[in-house]
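Please find below a short note on the structure shown here. The points begin with a buried charge and then turn to other local features.

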Amino acid sequence: MNIVLISGSPRQQSVTQRVAIHLLNRLKNETDHNITYIDMREHWLPPIQQVYKNAEMAPEAQQPIVDAVFNADAFILVSPEYNGGYSATMKNFLDHFPKHSRKAFGIATASDGAMGGMRAAQQLLQLVPALFGIASPRMLVTPLVDKKFNADGSLADPDFEKSVSVFLQEFLWLATALTKS
């Protein structure tokens, strides 16, 4: 299965990226799926002017990530919470592509605050059906992210392991079921 994991923070000192790196490492080490990591700090797209109806419409410099999105069977969106919403950079990125009909979406949010990006997660739950995707009901909402994950993406709080494992297990179940249908 081809899974695209998108880290939605454009900030160079992103703490949200810790969650994305942890999920990336877990998926690469614990599954045999093809994982493409798209970091919004490295793959910025200009404000949306047109939807890439096919990969050939995209600029040549963006071809590797565009090909990954077009070939994706499932997505994991990892977003910070900015002023009660998910990353505008991620929204702009997703707007460049056509709908992702019947593809699984895992939603992970992070914040250094106590709510862990819950409002961003709620907004992403509204976005996924607009993309014709299917959101995994088990989200990974990470409060106090700087206490749960180290800068290298390793888990700093062993008590958070179960939350990560259940998130991945449920997402992979849904993605597998949708890919087989």
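1. In this predicted model, Lys103 is buried but forms no salt bridge. The nearest side chain of opposite charge belongs to Asp73, at 5.9 Å, whereas a salt bridge would require a side-chain nitrogen within 4 Å of a carboxyl oxygen.

2. Lys103 is located in the loop that joins helix H3 (88–95) and E4. Leaving aside residues up to four places away in sequence, Lys103 touches Phe70, Ala72, Asp73, Phe75, Phe132, Gly133, Ile134 and Leu178. Of these contacts, Leu178 is also one of the buried residues of H6.

3. Helix H6 comprises 20 residues, 161–180. At 1.5 Å a residue the helix should span 28 Å, and its end C-alpha atoms are 28 Å apart, so the expected and modelled spans agree.

4. The buried residues of H6 are Val164, Val166, Phe167, Leu168, Phe171, Leu172, Leu174, Ala175 and Leu178. Their cover includes helix H1 (16–30) together with strands E1 (2–7), E3 (74–80), E4 (104–110), E5 (134–135) and E6 (140–142).

5. Ser87 sits in the loop between E3 and H3. Ser87 counts as buried because its relative accessibility is 0%, and the cut-off for that class is under 20%.

6. The side chain of Ser87 reaches the backbone oxygen of Gly8 at 2.5 Å. Gly8 is also among the residues that Ser87 touches, along with Pro10, Ser79, Pro80 and Tyr82, when residues up to four places away in sequence are not counted.

How values were computed. Residues are numbered from 1 along each chain as its sequence is written. This is a predicted model: local features need pLDDT of at least 70, side-chain atom pairs count only at pLDDT 80 or more; totals for chains, interfaces and linings use all residues. Side-chain values use heavy atoms; hydrogens and water are left out. Helices (H or I, at least four residues) and strands (E, at least two) are DSSP runs, numbered from the N terminus. The expected span of a helix is 1.5 Å times one less than its number of residues. Buried means under 20% relative accessible area, exposed over 50%, partly exposed in between (1.4 Å probe, protein chains only). Contact means heavy atoms within 4.5 Å. Lys and Arg count as positive and Asp and Glu as negative; His and the chain ends are not counted. A polar contact is a pair of N or O atoms within 3.5 Å; within protein, one must be able to donate a hydrogen and the other to accept it, and residues adjacent in sequence count only if both atoms are side-chain atoms.
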